[in-house]
Amino acid sequence: MRKGLCWIFGVALLGVVALQFTNPPHLSPPLVPGHDLMATNAPPREIAELLKNSCYDCHSSETKWPWYSYIAPISWSVVGHVNDARSMLNFSEWPHDDPKKARKKWRRIADSIDANEMPLPSYARVHRESRLSDDQRKKLVDWCQQEAELLAGQ
């Protein structure tokens, strides 16, 4: 019986080790000067800090990959979430030259934050710095809506 358990444990351990060779690449696309939201449309300092702490890890090319993002099978989920998030919104590729597109993005951001959809609850549980208080959430939503309104006239 004991010998059988050792074999089962050994095979399971080998399986876990083998999974580590299946990690997806942790890509952080190169930053293009002048394309980031903060480059030419810098928000007030408090708003910039909220965006950096709550949004930029997933929604920019400045992802700080945590240690657990290198351990399969968790890595598959983390890398997948970041890739999906960037495809929906990437602050590092902000549409400075397209006011209509930027206005849509500000409205979507405001709606997602206001509905408590962002930052993702699962992300906020692990990353305390990303959590938004009700006051911070309101300030961010109000600022995003204000930016959308400013672009409406262009």
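A salt bridge, as I use the term today, is a side-chain nitrogen of Lys or Arg within 4 Å of a carboxyl oxygen of Asp or Glu. Please keep in mind, as we go through this structure together, that the model is a predicted one.

With that definition in hand, let us look at K139 and D135, whose side chains meet in a salt bridge with 3.4 Å from N to O. Both residues lie in helix α7, 4 residues apart, which is about one turn of the helix. K139 also forms a salt bridge with E46, where the closest N and O atoms are 3.1 Å apart, and this second pair links distant parts of the chain, since E46 sits in helix α3 and K139 in helix α7, 93 residues apart. Through the shared partner, E46, D135 and K139 are joined into one network. Are these residues buried, exposed or partly exposed? E46 counts as partly exposed at 40% relative accessibility, K139 is partly exposed with 32%, and D135 is partly exposed with 47%.

A search of the whole structure finds 6 salt bridges, and another one that I would like to show you is between E149 and R107, with the closest N and O atoms 3.9 Å apart. Here too distant parts of the chain are linked, with E149 in helix α7 and R107 in helix α5, 42 residues apart.

Let us now turn to the interior. The largest nonpolar core has 23 residues, and among those with the most contacts inside it are L37, L51, F91 and W94. Helices α2, α3, α5 and α7 each supply at least two residues of this core, and the largest share, 6 residues, comes from α7. If we leave out residues up to four places away in sequence, L37 touches several others, including A42, Y56, H96 and W106. Apart from this core lies another, of 8 residues, among them C58, V78, V79 and Y123.

Next, consider S54, which is found in helix α3 and is buried, with a relative accessible area of 8%. A polar atom of the S54 side chain lies 2.7 Å from the backbone oxygen of S130.

Finally, how many disulfides does a search of the whole structure find? The search finds 0 disulfides, and for C55 the nearest cysteine sulfur, that of C144, is 7.9 Å away. The sulfur of C58 is 9.1 Å from the closest cysteine sulfur, in C55, and is therefore too far for a bond.

Conventions. Residues numbered from 1 in each chain as written. Predicted model: local features only at pLDDT ≥ 70, side-chain atom pairs only at ≥ 80, totals over all residues. Heavy atoms only, no water. Core = buried A, V, L, I, M, F, W, Y, C linked by side-chain atoms within 4.5 Å. Buried < 20%, exposed > 50% of the residue type's maximum accessible area, 1.4 Å probe, protein only. Contact = heavy atoms within 4.5 Å. Polar contact = N/O pair within 3.5 Å; in protein donor to acceptor, adjacent residues only side chain to side chain. Disulfide = S-S within 2.5 Å.
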